[in-house]
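Me: Please take a close look at a single part of this structure for me. Choose the part where strands lie side by side, and build outward from there.

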Amino acid sequence: MTTIIGVKVSNRLKRAVSIQEVLTNFGCVIRTRIGLHREIDGECSPDGIILLEITNDESAIQAANALCDIEGIEIQQMKF
């Protein structure tokens, strides 16, 4: 089964290090990672969305839980 995890991040700059640590820990099971954010008047938006494709169900649960532990993170999941 494949799980797509959508991660909505508020205040990206403040949370970037914590998020990157989690993503690095699960790097072997993340098949695809896409970061989306807008540019506002030449500057990066403070909020963003990260899409993760994870093919291991147990790892997807663990990654989602680890990301949820970070303040300012909202998670949505799709399973195929």
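Reply: Start with β1 and β5. These two strands pair in the antiparallel sense, over seven bridges. A strand here is a DSSP run of E, at least two residues, numbered from the N terminus; two strands pair if DSSP finds at least two bridges between them. The model is predicted, so local features need pLDDT of at least 70 and side-chain atom pairs pLDDT 80 or more, while totals for chains, interfaces and linings use all residues. Residues count from 1 along each chain as its sequence is written, and side-chain values use heavy atoms, without hydrogens or water.

Now look at one contact between the two strands. Find Thr3 in β1. Its bridge partner in β5 is Ile54.

Next, turn to the other neighbour of β1. Strand β1 covers residues 3–9, and seven bridges join it to β6. Again the two strands run antiparallel. Two facing positions are easy to find. Ile4 has Met78 as its bridge partner in β6. Lys8 stands opposite Glu74, also in β6.

Step back to the whole sheet. It has four strands and is open, in the order β2-β5-β1-β6. The pairing is antiparallel. The edge strands are β2, residues 30–36, and β6, residues 73–79. Each of these pairs on one side only.

How enclosed is β1? Six of its seven residues are buried, so β1 is largely enclosed by the rest of the structure. Buried means under 20% relative accessible area, exposed over 50%, and partly exposed in between, with a 1.4 Å probe and protein chains only.

Just before β1 comes a segment that holds Met1. Met1 is exposed, because its relative accessible area is 55%. Trace the chain from Met1 to Asn56. They are 55 residues apart in sequence. In space, their C-alpha atoms are 7.0 Å apart.

Follow β5 next, across to β2. Glu53 lies in strand β5, and Arg31 lies in strand β2. Their side chains meet in a salt bridge, 3.3 Å from N to O. (A salt bridge has a Lys or Arg side-chain nitrogen within 4 Å of an Asp or Glu carboxyl oxygen.) The pair links distant parts of the chain, with the two positions 22 residues apart in numbering. Is each partner buried or exposed? Glu53 counts as buried because its relative accessibility is 17%. Arg31 counts as exposed because its value is 58%. How many salt bridges does the whole structure have? A search finds one.

The two strands also share a nonpolar patch on the surface. Ile34, Leu36, Ile49 and Leu51 form it. Together they have about 310 Å² of accessible area, from the Shrake-Rupley method with a 1.4 Å probe. (Patch residues have over 30% relative accessible area and no salt bridge; nonpolar side chains are joined within 5 Å, like charges within 9 Å.) Both β2 and β5, residues 48–54, give two or more residues to this patch. Take Ile49 as an example. It lies in strand β5. Ile49 counts as partly exposed because its relative accessibility is 40%.

Last, check the cysteines. Cys28 is exposed because its relative accessibility is 86%. Cys68 is partly exposed because its value is 43%. A search of the whole structure finds zero disulfides, that is, no pair of cysteine sulfur atoms within 2.5 Å.
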